[in-house]
Amino acid sequence: MELVCDMRVLVVRDQHTKIFGQRLLNSQLSLYIGLLQLVVCVWSLAQHVYSLVHFRQILHCDFKNESAPWALVAVDAIIFDVGLFHSLWGIDGCIAQHLDGGYGRFCWCTCHTVALVFCLPFAFVKRPRPIYLWPLLIQQSAYGIGLLILSLAALPRVLPTFMGDLNNAPLLSILAYLIGTMLNFFLLYIFWHWYWYVEEIWNSARKIRNDQTIVNPNIRSKRWVPRPTPELDEALLRPAPPPLQVAPKTSPKTNGVAYKPLPQNNYDTVPLDETPSPPLPRKPYHTPRCAPLDIYRSPKSYFPYDYAAATSSFIVANGQATLVKQAPPYSFYHGRTVSRAPRYF
């Protein structure tokens with residue numbers, strides 16, 4: 001098996017994303033980064049609540065007031081501004097205060113929080129409807145466009161800062177803004193891929209109306225819905241072939257001649273009224289000590305004793321079927337007593 005090492009840092013697909021080779025589902029990444037964005041939105045709403053309680057204003061930001069809580073007054077959390085635009089443009093409050101007093105910011109933070117709370121739990125759903133992801137998709141897309149416009153507006157002031165004395169440059173503010181902005185752009189990118197994957201999975205299913213039923217074409221399915229009988233073309237129908245005729249077994253023709261089995265000596269069964277072919281001369285298994293002398297004078301008249309032949313009545317010898325008298329075989333357990341060869345009558 002060949003192992004392929006992928007050295008790419010980031011690989012984004014519709015279903016999953018690989019970061020340094022580690023595979024993560026886009027739904028999981030959207031959930032993790034979305035929770036961080038939810039914390040930022042809640043932080044921004046807390047600024048409005050603090051401004052209403054202490055200053056009787058919808059939004060109160062003061063980057064010079066060191067007595068007030070820094071996290072609730074000297075920070076614009078929703079745009080990741082920890083004093084960057086104060087150092088670039090010299091403004092004392094938040095940008096939203098100079099636009100509409102902070103009312104648009106309050107509505108935005110509220111809608112963004114609701115969209116995150118509504119859409120993020122669908123990361124645990126196996127097959128959500130694509131329409132359920134629309135609120136956060138629209139909100140996050142508009143949020144990314146707003147951050148992009150704000151970044152382009154601040155860029156002409158940021159670049160000269162790096163060309164001059166870096167000791168006086170607001171590096172911490174720039175770093176915080178870059179981290180927050182890039183994290184939101186990455187969330188928007190991952191969220192769109194997750195939405196495309198959910199939409200593809202949802203559209204892959206068969207769309208039916210309310211008055212229709214689903215018939216699963218899978219043969220192995222065990223649904224109770226009956227399968228309709230397919231309409232077959234008559235031109236494709238062929239007549240079934242006729243059944244095979246098996247000939248009955250018949251006994252061989254004997255012409256009235258009686259057959260009787262011969263000894264088991266590897267010869268075919270032949271009728272008794274026909275002359276069988278003479279067997280080939282074979283060498284005797286042993287030479288009996290007390291055998292008659294005519295055995296050595298005429299070898300053709302000698303037929304060696306076969307123990308299997310003792311169970312039959314006839315044996316073929318010298319071209320004739322003759323009766324054999326049963327005799328015990330040669331044995332080494334009877335001393336020097338040796339049985340003689342079968343006697344022919």
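Is Phe118 buried, partly exposed or exposed, and at what relative accessibility? Phe118 counts as partly exposed, because its relative accessibility is 42% and the partly exposed class runs between 20% and 50%. This is a predicted model, and every value here is computed from it.

**Surface patch**

Phe118 sits in helix 5, which spans residues 103-119. Phe118 is also part of a nonpolar surface patch. The other members are Ile131, Tyr132, Trp134 and Ile138. Together they make a patch of about 510 Å².

**Overall layout**

The protein chain has 345 residues, and 32% of them count as buried. It holds eight helices and five strands. Read along the sequence, the pattern is β-β-β-α-α-α-α-α-α-α-α-β-β. The chain exposes about 25,100 Å², with carbon and sulfur atoms supplying 62% of that area. Among contacts with a separation of 6 or more, 58% join residues 24 or more positions apart.

**Annotated spans**

An unreviewed UniProt entry carries the annotation "transmembrane region" for residues 29-50, 70-91, 103-125, 132-154 and 174-197. Two of these spans can be set against the model. Residues 103-125 are 74% helix and 0% strand, with end C-alpha atoms 35 Å apart. Residues 174-197 are 100% helix and 0% strand, and the end C-alpha atoms of this span lie 35 Å apart.

**Nonpolar cores**

The largest nonpolar core has 34 residues. Ile79, Phe85, Leu133 and Leu136 have the most contacts inside it. Helix 1, helix 3, helix 5, helix 6 (134-163) and helix 7 (171-203) each give two or more residues to this core. Helix 6 provides the largest share, seven residues.

Apart from this core lies another, of five residues. Its members include Ile58, Leu59, Cys61 and Cys94.

Which residues does Leu136 touch, leaving aside neighbours within four places in sequence? Leu136 is in contact with His112, Ala115, Leu116, Cys119, Leu120 and Phe191.

**Salt bridges**

Side chains of opposite charge can pair when their charged atoms come close. The model has two salt bridges.

| Salt bridge | N to O distance | Accessibility class |
|---|---|---|
| Lys64 and Asp92 | 3.6 Å | Lys64 exposed, 56%; Asp92 partly exposed, 34% |
| Arg105 and Asp76 | 2.9 Å | both buried |

Take the pair of Lys64 and Asp92, which meet at 3.6 Å. Lys64 lies in the loop between helix 1 (26-54) and helix 2 (70-73), and Asp92 in the loop between helix 3 (84-89) and helix 4 (95-99), so this pair ties together parts 28 residues apart in sequence. Lys64 counts as exposed because its relative accessible area is 56%, over the 50% cut-off. Asp92, at 34%, is partly exposed.

Now take Arg105 and Asp76, whose closest N and O atoms are 2.9 Å apart. Arg105 lies in helix 5 and Asp76 in the loop between helix 2 and helix 3, so the pair ties together parts that are 29 residues apart in sequence. Both residues, Arg105 and Asp76, are buried.

**Helix 5 in summary**

Helix 5 recurs in this account. Helix 5 holds Phe118 of the surface patch. Helix 5 also carries Arg105 of the salt bridge with Asp76. Finally, helix 5 is one of the elements that give two or more residues to the 34-residue core.

Terms used: Residues are numbered from 1 along each chain as its sequence is written. This is a predicted model: local features need pLDDT of at least 70, side-chain atom pairs count only at pLDDT 80 or more; totals for chains, interfaces and linings use all residues. Side-chain values use heavy atoms; hydrogens and water are left out. Patches are made of residues with over 30% relative accessible area and no salt bridge: like charges are joined within 9 Å, nonpolar side chains (Val, Leu, Ile, Met, Phe, Trp, Tyr) within 5 Å. Accessible areas come from the Shrake-Rupley method with a 1.4 Å probe; for residues, only the protein chains shown count as cover. A salt bridge is a side-chain nitrogen of Lys or Arg within 4 Å of a carboxyl oxygen of Asp or Glu. Helices (H or I, at least four residues) and strands (E, at least two) are DSSP runs, numbered from the N terminus. Buried means under 20% relative accessible area, exposed over 50%, partly exposed in between (1.4 Å probe, protein chains only). UniProt positions are given in the numbering used here, feature names are shortened, and annotations may be inferred rather than shown by experiment. Contact means heavy atoms within 4.5 Å. A nonpolar core is a set of buried Ala, Val, Leu, Ile, Met, Phe, Trp, Tyr and Cys residues joined through side-chain atoms within 4.5 Å.
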